[in-house]
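This briefing is meant to be read alongside the sequence and the coordinates. It takes up helix packing, then a metal site, then a few residue pairs that are distant along the chain.

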Amino acid sequence: MEERAAAELIEQARAETARLAAALTRQRDEIVAAAEFSSADDEHDPEGATIAFERAQVQALLRQAQDDLAALDRAAERLRAGAYETCERCGGPIAEDRLRALPATSICITCANRR
Ligand SMILES: [Zn+2]
């Protein structure tokens, strides 16, 4: 893959993931604000459990999005170092199709299946 194509791939994935993380952050803040509002006059609100569950779910998705962003940053570093298409485990090539599907991946399909 050409370096410019790889850089675009990473940048595009990063922009999408950043948008997702921003949306999830807003969602979490809304849930937190709603929880504060609903527990203002009743601590034993039956909705409290639902809100806590929703909040945990959104929090987990947000953490995943942040991990993905960090992985994409590492991918950009590997690209700058000329190692984007090289598997971190075995040193073999990472197939272009795999990088297009998973721009943040650092291992080849063989190593991924071995995990
Ligand atoms: Zn490998």
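**Helix packing and a zinc site**

In this predicted model, helices H1 and H2 cross each other with a left-handed sense. By residue class, the contact that H1 forms with H2 comprises 21 nonpolar, 5 polar and 7 charged residues. The chain also supplies four cysteine sulfur atoms, from Cys-87, Cys-90, Cys-108 and Cys-111, as donors to a zinc ion.

**Geometry of the helix pair**

- Helix H1 covers residues 3–38 and helix H2 covers residues 47–80, and their axes come within 8 Å of each other while crossing at roughly 160 degrees.
- Because angles over 145 degrees count as roughly antiparallel, this crossing makes H1 roughly antiparallel to H2.

**The zinc site**

- The SG atoms of Cys-87, Cys-90, Cys-108 and Cys-111 are the protein donors of the zinc ion, and they lie 2.3 Å from it.
- Along the chain, the donors of the zinc ion are spaced according to the pattern C-x2-C-x17-C-x2-C.
- The arrangement of the 4 donor atoms around the zinc ion is tetrahedral, because the angles that they subtend run from 105 to 117 degrees, and four donors count as tetrahedral if all angles lie between 85 and 135 degrees.
- Cys-87 is buried, with a relative accessible area of 3%, whereas Cys-90 is partly exposed, with a relative accessible area of 46%.

**Residues of H1 and H2 and their partners in space**

- Gln-12, which lies in helix H1, is classed as exposed because its relative accessible area is 51%, the cut-off for that class being over 50%.
- Between Gln-12 and Pro-103 there are 9.3 Å from C-alpha to C-alpha, although the two are 91 residues apart in sequence.
- Leu-72, which is found in helix H2, counts as buried at 4% relative accessibility, and its C-alpha atom is separated by 7.2 Å from that of Pro-103, a residue 31 positions away along the chain.
- Pro-103 thus appears in two of these pairs, one with Gln-12 and the other with Leu-72.
- Ala-65 also belongs to helix H2 and is buried, with a relative accessible area of 1%.
- The C-alpha atoms of Ala-65 and Arg-14 are separated by 9.8 Å in space, while the two residues are 51 apart along the chain.

Terms used:
Residues numbered from 1 in each chain as written. Predicted model: local features only at pLDDT ≥ 70, side-chain atom pairs only at ≥ 80, totals over all residues. Heavy atoms only, no water. Donors = N, O, S within 2.8 Å, 3.2 Å for Na, K, Ca; no water. Tetrahedral: all angles 85-135°; square planar, octahedral: opposite > 155°, others 65-115°. Buried < 20%, exposed > 50% of the residue type's maximum accessible area, 1.4 Å probe, protein only. Axes fitted to C-alpha atoms, helices over the stretch in contact; angles between N-to-C directions. Helix = DSSP H or I, 4+ residues; strand = E, 2+ residues; numbered from the N terminus. Parallel < 35°, antiparallel > 145°, perpendicular 65-115°, else oblique. Left-handed = near helix turned anticlockwise from the far one by under 90°. Nonpolar A, V, L, I, M, F, W, Y, C, P; charged D, E, K, R; others polar.
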